[in-house]
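Work through the exercises below with the sequence and the model open. Each task is followed by a solution in steps.

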Amino acid sequence: MFANNLTLCKLIFRRDRLRLPVWFAVIASLIIGFGAALPNMFDTPEGRETILIMMENPAMIAMMGPIYLSAGGAFSLGAMYSLFMLVWSAIGMAFMNIFLVVRHTRQDEELGRIEVVRSLPTGRLANLSATLTAAVIVNAAFALLLGLGLGLVGAEDMTFSGAMLFGAAMGAVGLVFAAVTAIFCQISANPRTASAFSFLFLGAVYMLRAAGDMRGNEALACLSPFGLISRTKTYIDNEWWPIFVLLGASVVFSAAAFRLCAARDMGEGLIAARPGRRDAKPYLKSPGGLAWRMLKTSFIVWVILMPVLSMSYGSIMGDIDQFIQSADFLIQFTGGDPLRMIGFLIVLMSICSTIPVLMFMTKARAQESRGYAEHVLARAASRHSQLRGYFLFALLASVLMPFLNCFGFWAASLAVMDTPFAFSEIFNACMVYSPAMMFMLGMTVLLIGYFPKRTNLAYIYLGYAFFSLYLGGLMDLPEWLAKLSPFGHVPVLPLPVGAEIETGQIVALILMPVLGAAMTVLGFIGHKNRDMVFSQ
Amino acid sequence: MAQAMLQTVNLTKNYGQFIALKDVNLSVQPGEVYGFIGPNGAGKTTTIRVLLGILKATKGSASIFGRDVWKDAVEIHKNVAYVPGDVNLWSNLTGGEVIDLFVRLRKGKNESRKKELIQKFDIDPTKKCRTYSKGNRQKVALVAAFSSDADLYILDEPTSGLDPLMEKVFQECVLEVKNAGKSVFLSSHILQEVERLCDKVSIIREGRIIETGTMAELRHLTRTSVSAETERPIENLAEAPGIHDIRKSNNGVVFAVDTKEINSVMAHLTKFGIIKLECTPPTLEELFMSHYENIRG
Ligand SMILES: Nc1ncnc2c1ncn2[C@@H]1O[C@H](COP(=O)(O)OP(=O)(O)OP(=O)(O)O)[C@@H](O)[C@H]1O
Ligand SMILES: [Mg+2]
């Protein structure tokens with residue numbers, strides 16, 4: 001049943017010889033990087049106290065986990081680190097393990113690779129056991145390396161033993177998710193549903209932990225792997241029992257996965273795949289309808305995500321003064337002015353909400369390079385109609401997304417501020433970015449029209465806008481660097497008392513949509529007159 | 001002569017410096033099934049994409065129904081059905097959704113024909129396209145094409161992923177539209193298929209048309225393979241005109257003969273008392289081979 005386990009396991013590492021190091025680099029740079037940076041960012045106990053005050057509310061506890069303090073009630077660097085990092089790093093580990101297991105079991109099976117393997121002298125369970133063996137090795141290696149790395153960089157109250165426990169917690173959570181994903185891979189009939197179930201499970205246990213921690217219900221929180229790792233009280237009491245509970249759970253789940261695997265047929269799931277639609281819905285009859293069908297899911301996700309994000313960023317407006325005082329770089333950055341801090345948060349969210357605008361538009365180009373647009377254009381659909389749908393949704397996003405930001409910030413200000421902002425103040429502060437987004441959209445259309453293979457430059461430009469504003473404020477860079485992006489011309493609102501919007505900024509606000517429109521027209525013309533380009 | 005359904009005049013297409021098509025002249029008449037064959041990279045797909053207004057011609061002109069393929073693309077496409085060479089389909093749509101979308105994009109609608117074809121081609125329309133194999137994606141495109149009521153069917157290597165059974169279904173479909181008086185432009189490198197279906201053929205190689213004609217016209221260029229058993233050993237066979245590749249078989253001899261010399265060769269054979277004779281008509285395969293031999297020298 002398990003024959004050739006080792007050969008298959010080696011094959012997994014061979015096939016993932018690039019993927020795994022990349023995962024490690026990403027996770028390690030976050031965990032170890034933050035470990036190295038934290039002591040410099042919050043070097044005074046007073047600064048940490050402010051953060052502690054901000055963290056001591058149910059919403060933050062729901063997001064991050066319960067707060068544990070060192071003996072004497074101090075919020076040590078180690079306590080702060082584990083509060084910020086334990087749960088969220090564990091989510092990263094969960095992602096990696098879900099992808100790993102789905103790829104090497106269900107996905108291989110769908111692609112017919114396992115059929116080949118099984119026709120060789122390998123056991124029935126060989127593939128699953130090879131995958132889980134690989135998962136054990138990967139998670140153990142991650143645990144060890146992350147622990148060592150973190151142990152080497154930590155500040156004085158971030159002990160080596162605490163770092164090793166942190167690493168172990170990552171490995172143990174990873175294994176639980178590997179085993180649970182293995183179960184879902186047996187149950188579902190294709191890789192998509194297997195991943196969907198696994199991520200649903202991830203979301204569910206995260207919520208379980210959030211609910212448990214928020215209400216102070218220990219038992220409920222400990223039902224979740226994320227709740228359990230918070231109970232290690234890393235860097236404070238260094239409890240190891242949650243690690244053993246997690247390892248025990250992964251053994252049980254793995255055994256269950258093997259039972260299920262032995263019981264089912266090749267290529268089948270325990271529950272059959274749900275058939276899709278036999279016919280198209282009535283709206284799927286034009287290029288515009290198709291564009292909506294393509295964008296629907298991400299449109300809905302962004303519409304939900306944006307206000308939630310801006311609301312959670314906005315929630316610091318309640319303690320904004322203390323927040324700024326908590327770290328030197330924030331004082332330097334804002335000049336001690338809370339309005340500038342809020343203005344900066346809004347810029348940040350506005351740049352973030354430009355992503356969907358660009359995404360919706362570049363989707364049109366992806367349709368072309370993947371050869372989907374060919375089908376549409378070969379039928380009675382014009383070049384313009386092929387772009388139009390995506391353009392209109394992107395245009396809608398350039399107005400809707402700032403509005404959703406406004407909604408989020410306004411709701412947050414109502415909830416946390418003693419004298420909340422007037423709706424119109426926040427409305428203006430957010431909507432004022434809409435022209436800049438329209439400019440970015442126009443530029444994207446222009447790229448699609450004339451430089452189809454370079455469409456992604458739009459994202460690079462957006463990245464530049466972000467860094468020029470962010471670093472410009474932080475490092476006193478010359479002002480013209482920020483002015484190279486449309487976002488550098490937008491007045492930062494709400495204005496401090498006595499300040500006024502410059503005339504140049506008003507001109508810019510009018511000019512940006514005009515230029516955007518001009519580039520859009522040019523882009524459409526370019527697109528109409530060029531070859532379809534199939535390569536990336 | 002009636003107006004051509006499809007016509008190109010000195011059609012040239014460059015990709016940057018690379019000349020993909022050079023002075024291509026084609027003319028498809030109403031009711032004709034026109035074969036377009038050539039080896040990989042010859043320029044078949046490029047030609048077809050120009051014909052559909054997906055690529056813009058560098059020089060020369062191309063028209064369908066007498067209208068310019070670039071300027072009047074939308075109008076033309078109302079009466080054209082197309083199956084691309086690489087059928088890439090939206091991974092998150094089902095086959096059924098894609099077929100509906102395709103048919104609706106041409107404003108045609110034929111539910112019963114669609115159902116019939118889905119059954120004939122044996123596809124499960126409820127599956128997401130990402131789970132389809134190459135052949136199944138091709139079948140989805142074929143169902144969409146043949147459930148549309150078009151005047152011209154442009155098919156780019158439509159059978160390259162189909163199994164023999166499905167190839168037969170495909171051929172039936174082509175013959176059906178042919179009998180209904182429609183025109184078909186069929187690119188292929190499966191030669192038997194072109195031979196079976198097409199009235200007229202153009203051969204393209206390295207972007208140039210190297211031969212055009214009806215099947216009958218092209219056959220005169222070709223060889224017939226003959227296997228013969230005679231009472232007495234055949235003498236002086238190698239000296240007879242137009243004879244190639246003589247091999248001894250168990251009881252006789254196998255050779256190829258230029259089709260235009262077949263009469264004299266038969267006369268020669270009868271002198272030795274024919275016991276058994278098998279003549280295999282030339283396939284396009286052989287036509288192709290002999291053509292390359294001619295080019296190589
Ligand atoms: N976008 C492009 N840029 C540069 N060269 C291209 C491009 N597309 C095709 N070519 C080249 O043009 C030539 C003709 O390609 P085409 O796809 O038309 O061949 P084909 O006859 O359809 O071949 P196949 O039988 O393999 O489908 C090939 O040499 C190909 O490499
Ligand atoms: Mg081709």
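**Exercise 1.** How many bridges join strand E11 (residues 223-230) of chain B to E14(B)?

Solution. This is a predicted model, in which local features need pLDDT of at least 70, side-chain atom pairs count only at pLDDT 80 or more, and totals for chains, interfaces and linings use all residues. Residues are numbered from 1 along each chain as its sequence is written, with chains lettered from A and ligands numbered from 1 in the order in which they are written.

Step 1. Helices (H or I, at least four residues) and strands (E, at least two) are DSSP runs, numbered from the N terminus. Two strands pair if DSSP finds at least two bridges between them.

Step 2. E11(B) and E14(B) are joined by 6 bridges and run antiparallel. Within E14(B), Lys276(B) is the bridge partner of Glu229(B).

**Exercise 2.** Place these strands in their sheet and find the helix that packs on it.

Solution. Step 1. The sheet is open, has 4 strands with antiparallel pairing, and follows the order E12-E13-E11-E14 in chain B. Its edge strands, each pairing on one side only, are E12 (243-248) and E14 (274-280) of chain B.

Step 2. On average, neighbouring strands of this sheet are turned by 20 degrees against each other, direction ignored. Axes are lines fitted to C-alpha atoms, for helices over the stretch in contact, and angles run from 0 to 180 degrees between N-to-C directions.

Step 3. Helix H9 (residues 262-270) of chain B packs on the sheet and touches E11, E12, E13 (253-258) and E14 of chain B. The direction of H9(B) makes about 5 degrees with that of E11(B). Two residues are in contact if their C-beta atoms, placed from the backbone, lie within 7 Å.

**Exercise 3.** Is helix H5 (residues 134-147) of chain B mostly covered or mostly uncovered?

Solution. Step 1. H5(B) has 14 residues and reaches 20 Å from its first C-alpha to its last, close to the 20 Å expected at 1.5 Å a residue. The expected span is 1.5 Å times one less than the number of residues.

Step 2. A residue is buried if 20 or more other C-beta atoms lie within 10 Å of its own, exposed if 12 or fewer, and partly exposed in between, with C-beta atoms placed from the backbone. H5(B) is mostly covered, since 12 of its 14 residues are buried. Among them are Arg137(B), Lys139(B), Leu142(B) and Phe146(B).

Step 3. The buried residues of H5(B) pack against E6 (80-83), H3 (95-105), H4 (111-120), E7 (152-156) and H6 (164-179) of chain B.

**Exercise 4.** Which helix gives the most to the side of chain B that touches chain A?

Solution. Step 1. Chain B puts 27 residues into the contact and chain A puts in 24 residues.

Step 2. H2 (73-77) and H3 of chain B each supply at least two residues of that side. H3(B) gives the most, with 7 residues.

**Exercise 5.** Compare the settings of Tyr235(A) and Asp122(B).

Solution. Step 1. Tyr235(A) has a positive phi of about 75 degrees although it is not a glycine. Asp122(B), also not a glycine, has a positive phi of about 60 degrees.

Step 2. Tyr235(A) sits in the loop between H11 (225-230) and H12 (241-263) of chain A, and Asp122(B) in the loop between H4 and H5 of chain B.

Step 3. Tyr235(A) is buried, with 27 other C-beta atoms within 10 Å, whereas Asp122(B) is exposed, with 11.
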